[in-house]
Amino acid sequence: MSNNETASSSGRIASAKHVYAEIRNMILEFELYPGSRVTETELAARFNVSRTPIREAVQRLEAEGYLSIRPKQGCFIRDLDVGRLMHYYDVRIALEMLSLDKAALFMPTAELEQLAGAWDPRTQPGRSDSSEAMEARDETFHLRLAEGGGNVALGEYLRDVNNHIRVIRRLDFTESSRIEQTYAEHHAICTHLLERDVQSARQLMTRHIRRSEEFAKTLTLTQLAQKRIRSRSPR
């Protein structure tokens, strides 16, 4: 294979990976709406690429269950499946419990004190964050606990679960009361860990996550659309 052919092949692979990542993110963020139809031609125009990397990307996404390809009709984004979301929440709780066990044993006191201070409701006035910023901040908190215990794989698995429920968690932060509650609960969890009281930390973390799960159970497509609009409106 010539140098030009090698470069062309590498560029095509990179393009397909980029397109795959972008479409997957659009599905997870509900920018491509559940149940909606999109064609390879439309996607190629959106990303300004040929249909080859688009075809490779959607075939991979179909294999992973994000969409279905119907001959002569196009690609159909998977419907919102609340039951499937609940499965991810179950896995998340299991991971978070292990995370707390490890953090209580191995996370240095100085790191826990720093994390507690970042979420202290008395000293952190940053309640004007957008729902996207708050979701990112919340996710970072949970990942710091997971990685603070020294288990790298734990953080990787938690990231994967978060990818599937991120939009739900983001919409959960459209209400200021939920943000206030999250600050208080995160701070309390760190306080329990500083006391090496893992049982109390586990109980509070479980309630914390189940509350988000209950929100997801009530979500309909209409509510999803309304909350997305509100979450993007300036506060």
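User: How are helices H4 and H9 oriented to each other, roughly parallel or roughly antiparallel?

Analyst: In this predicted model, the axes of H4 (residues 82-106) and H9 (residues 198-218) come within 10 Å and cross at roughly 165°. Angles over 145 degrees count as roughly antiparallel. H4 and H9 are therefore roughly antiparallel to each other.

User: Is the crossing of H4 and H9 left-handed or right-handed?

Analyst: The two axes come within 10 Å of each other, with a crossing angle of roughly 165°. The handedness of the crossing of H4 and H9 is right-handed.

User: In the contact of H4 with H9, how many residues are nonpolar, polar and charged?

Analyst: On the side of H4, the residues that meet H9 include Met-86, Ile-93, Met-97 and Leu-100, along with Asp-90 and Arg-92. Among their partners in H9 are Ala-201, Met-205, Ile-209, Arg-210 and Glu-213. By class, the contact comprises 12 nonpolar, two polar and eight charged residues.

User: How are H8 and H9 oriented to each other, roughly parallel or roughly antiparallel?

Analyst: The axes of H8 (residues 176-194) and H9 come within 8 Å, and they cross at roughly 160°. The crossing is left-handed. With over 145 degrees as the cut-off, H8 and H9 are therefore roughly antiparallel.

User: In the contact of H8 with H9, how many residues are nonpolar, polar and charged?

Analyst: From H8, the contact includes Gln-181, Thr-182, His-186, Ile-189 and Leu-193. From H9, Ser-200, Ala-201, Leu-204 and His-208 are among the residues that meet them. Divided by class, the contact has six nonpolar, seven polar and three charged residues.

User: Which helix gives the most residues to the largest nonpolar core?

Analyst: This core has 41 residues, of which Leu-100, Leu-145, Ile-168, Ile-189 and Leu-193 touch the most other members. At least two residues each come from H4, H5 (109-118), H6 (131-148), H7 (152-172), H8 and H9. With 10 residues, the helix that gives the most is H4.

User: Leaving aside neighbours within four places in sequence, which residues are in contact with Leu-193?

Analyst: Leu-193 is one of the residues that touch the most other members of the largest core. Its contacts, apart from those sequence neighbours, are Leu-100, Ala-103, Ala-104, Leu-112, Leu-145 and Ala-201.

User: How many residues are in the second, separate core?

Analyst: The second core is separate, and Tyr-20, Ile-54, Ala-57 and Val-58 are among its members. Its number of residues is 19.

User: Does Asn-48 count as buried or exposed?

Analyst: Asn-48 is found in the loop between H2 (40-47) and H3, and its phi is positive, about 55°, although it is not a glycine. Most residues other than glycine have a negative phi. The relative accessibility of Asn-48 is 72%, and the cut-off for the highest class is over 50%, which means that Asn-48 counts as exposed.

User: What is the relative accessibility of Arg-196?

Analyst: Arg-196 lies in the loop between H8 and H9. Its phi is near 55°, a positive value in a residue other than glycine. Arg-196 counts as partly exposed because its relative accessibility is 33%.

User: How far apart in space are Thr-52 and Ser-15, C-alpha to C-alpha?

Analyst: Thr-52 is found in H3 (residues 51-63) and counts as partly exposed because its relative accessibility is 36%. In sequence, Thr-52 and Ser-15 are 37 residues apart. In space, their C-alpha to C-alpha separation is 9.6 Å.

Conventions
Residues are numbered from 1 along each chain as its sequence is written. This is a predicted model: local features need pLDDT of at least 70, side-chain atom pairs count only at pLDDT 80 or more; totals for chains, interfaces and linings use all residues. Side-chain values use heavy atoms; hydrogens and water are left out. Axes are lines fitted to C-alpha atoms, for helices over the stretch in contact, and angles run from 0 to 180 degrees between N-to-C directions. Helices (H or I, at least four residues) and strands (E, at least two) are DSSP runs, numbered from the N terminus. Angles under 35 degrees count as roughly parallel, over 145 as roughly antiparallel, 65 to 115 as roughly perpendicular and the rest as oblique. A crossing is left-handed if the near helix is turned anticlockwise from the far one by less than a right angle, and right-handed if clockwise. Contact means heavy atoms within 4.5 Å. Ala, Val, Leu, Ile, Met, Phe, Trp, Tyr, Cys and Pro count as nonpolar, Asp, Glu, Lys and Arg as charged, and the others, Gly among them, as polar. Buried means under 20% relative accessible area, exposed over 50%, partly exposed in between (1.4 Å probe, protein chains only). A nonpolar core is a set of buried Ala, Val, Leu, Ile, Met, Phe, Trp, Tyr and Cys residues joined through side-chain atoms within 4.5 Å.
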